[in-house]
Amino acid sequence: MPTPSRPLYFYQFLGAHSLLIGLLPFFLPVYLWKLGLSLAGLSLLIGVSGISFALALYAWQRLSTRWQLKRLVAFTFVLETTLVFFVGVFTLIPGVGLFATPLEGIGAASVFGLVMTASVIGLFNGLYNAFFWTTQRTLFLQQLSPIDNGQSNTGRQYGNFQIFVTLFLKLGILLGGWLLDTGGFVTLLAISAGVSAVSNWWLAKSEHGKMALHKLPSNIGLLESLRYKDEQGSRPTFAIDGVFLYLDSHFWTLSLFMLVKEDFSMLGIAVVLLGIGFGVLFFLIKNGIDRIDVERVFKAAVVLYSLSWLLRFTLDDTLSGNALLISLLVVTFFSSFFRLAFNKRFFDVARTEGAVQYLLYKSFSSQFILGLFFIILGGLLFFVDTEPMRILQSVYLGAALLSLLYLLYQDKSKG
C-alpha cells in the first residue's frame, strides 16, 4: 500500500460521490417501484447487481494497479453517469423496459420488461458500486494510522468519514427527492453529469492522482474468496453482510417509502431528519469507541441490530405520528451504532490480515452470495401473491435471527 495518506483527496472524492448517490442511486428502489417494478423485480435487480459487482472486481484489480488514480477515479464518475442514463432509458422511453407490453397482474411491467429492466440496471449498478466502493474503501484504509499497543484510530476515522458522507448524501437526497417529485429526471441527469465532470476535473489536478491506488498483485478470485477462512470468523460474516447491506438500503428504503405514503420529497425529508440523529450519534461516540472494551461494544451492537430488525417487523403503514417517529429513530440509532462497531472491527481485522487482499476476499464473497440470495428470492416472489409490506415484514423477522451470526466475528489482535 502506498505511503501517502491523501486525506483531502479522499474526502473530495467521497463528497462528490455521496452527493451523486443521494441524487438517484439512493432512490433507485423506490423510483422503480413507483413506476411498476415489483418486489420480485427489485430482488432480481439486487441479485444481478451483486453478481455484476463480483465479476467487476476482476477488472478493478487489474486497472487499480495499472492506471493512475485519477484515471480510476474518472472511471467511477463515468459509471455513475452511465447508471443514471440507463435508468432514464428504461423508465422514460415508451416501449422500453418497464413500459414494454404490460401484462395483467404484474403492475405496470410485463415479465419481459421487468426482467430486462432489472437485469440491465442491475448490471450497471453493480459495475458502479464495484469501482466506487472498492476504490473508496482502499483509500480509507490508507487514512488509518498503525495499531499502537492494541489501540487504533479506526473508530474515530470512520466516524469522521460517516459524518462527512451524511452531509453530502442528505443534500443530494433532498434535491433528488424534489426533482423526482416534480418530474425533473432529465434535470437530475444533467446535474449528475455536471457534478461528475466538475469533480473529475478538480480531482485530476491533484498530485495524489498521479500514482496508482496500490501496488499489490492482482491474483484474487471468486473461488479463492469463497474458500477463504481464518480464525476471526470472517467466512460467515462475509456470507451474510452483503445481504444485510441491501436489506438495510433497498428493502428498508422501500419500507420507509411506503410509510410516508410513497412521497419522494417526504422520504427525502424523513431520511434527512433521521440522518441528523445519525450524525449526532457518530459525533458523540466516534472518539470514545477506540478506547472502550471493543468486544463488549461489538456484542451489544449486534444484539441491538437484531432488535432493530424485530422492530422493523412490527412496523406497517397503519402506524403514524409520534409512535412511528420514535420507532424510526430507534431503528436508525441501533443500525448506525452497529455499522460503526462493525466497520471498526472490519478495518482493524483487515490491517492484520492483509488490507486490500482482505477487502477483496470480503467483496467477492459478500457480493456473490447476496447475488444468489436475491436472485432466488426474486424467483420465489414471482409466485407469491401477498401484500409487499407483509413480505418485507417476514424478511425482517428472518433478518433478526440471521443477524446474530455477526457474533461469530472476532478481532484476535485485541485478545
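**Exercise 1. The nonpolar surface patch**

Task: In this predicted model, find which residues form a nonpolar patch on the surface, and state their accessible area together.

Solution.
- Step 1. List the members: L174, M266, I269, L273, I276 and V280.
- Step 2. Give the area. Together these residues have about 530 Å² of accessible area.
- Step 3. Assign the patch to helices. Helix α10, residues 264–285, supplies the largest share, five residues. L174 lies in helix α6, residues 154–181.
- Step 4. Check L174 for exposure. Its relative accessible area is 40%. Partly exposed runs between the 20% and 50% limits, so L174 is partly exposed.

**Exercise 2. The loop before α10**

Task: Determine the sign of phi for K261 and for E262, then classify the exposure of K261 and of E262.

Solution.
- Step 1. Locate the residues. K261 is in the loop between α9 (234–259) and α10. E262 lies in the loop between α9 and α10.
- Step 2. Read the backbone. Phi of K261 is near 65°, which is positive, and K261 is not a glycine. E262 has a positive phi of about 55°, and it is not a glycine either.
- Step 3. Classify exposure. K261 has 58% relative accessibility, so it counts as exposed. E262 has a relative accessible area of 29%, so it is partly exposed.

**Exercise 3. Helix α11 and its neighbour F334**

Task: Compare the reach of helix α11 with its expected span, then find what F334 is in contact with beyond its sequence neighbours.

Solution.
- Step 1. Take the helix. α11 covers residues 294–314, which is 21 residues.
- Step 2. Compare spans. From first C-alpha to last, α11 reaches 30 Å, close to the 30 Å expected at 1.5 Å a residue.
- Step 3. Pick out the buried positions of α11. Among them are V294, F298, S306, S308 and W309.
- Step 4. Place F334. It sits in helix α12, residues 321–353. Its relative accessible area is 18%. Buried means under 20%, so F334 is buried.
- Step 5. List contacts. Leaving aside neighbours within four places in sequence, F334 touches L304, L307 and S308.
- Step 6. Add a distance. The C-alpha atoms of F334 and S306 are 8.7 Å apart, with their positions 28 residues apart along the chain.

**Exercise 4. Aromatic pairs**

Task: State how many aromatic pairs a search of the whole structure finds, then work through the geometry of F10 with F140 and of F342 with Y406.

Solution.
- Step 1. Count. The search finds 43 aromatic pairs.
- Step 2. Take F10 and F140. Their ring centres are 6.2 Å apart and their planes meet at 45°, so this pair is tilted.
- Step 3. Place that pair. F10 is in helix α1 (residues 7–23) and F140 in helix α5 (residues 111–141), so the pair ties together parts 130 residues apart in sequence. Both F10 and F140 are buried.
- Step 4. Take F342 and Y406. Ring centres are 5.5 Å apart and the planes are at 75°. Over 60 degrees counts as edge-to-face, so the pair is edge-to-face.
- Step 5. Place the second pair. F342 is in helix α12 and Y406 in the segment after α14 (388–402), 64 residues apart.
- Step 6. Check burial. F342 has a relative accessible area of 2%, so it is buried. Y406, at 0%, also counts as buried.

**Exercise 5. A lysine in α13**

Task: Decide whether K362 is buried or exposed, and list its contacts beyond the sequence neighbours.

Solution.
- Step 1. Locate K362: helix α13, residues 355–381.
- Step 2. Classify. Its relative accessible area is 8%, so K362 is buried.
- Step 3. List contacts. Outside four places in sequence, K362 is in contact with F238, D241, L245 and F346.

Conventions
Residues numbered from 1 in each chain as written. Predicted model: local features only at pLDDT ≥ 70, side-chain atom pairs only at ≥ 80, totals over all residues. Heavy atoms only, no water. Helix = DSSP H or I, 4+ residues; strand = E, 2+ residues; numbered from the N terminus. Buried < 20%, exposed > 50% of the residue type's maximum accessible area, 1.4 Å probe, protein only. Contact = heavy atoms within 4.5 Å. Patch = residues over 30% accessible without salt bridge, like charges linked within 9 Å, V, L, I, M, F, W, Y side chains within 5 Å. Areas by Shrake-Rupley, 256 points an atom, 1.4 Å probe, with all protein chains shown as cover. Salt bridge = Lys/Arg side-chain N within 4 Å of Asp/Glu carboxyl O. Expected span 1.5 Å × (residues − 1). Phe/Tyr/Trp six-rings, centres within 6.5 Å; stacked < 30°, edge-to-face > 60°.
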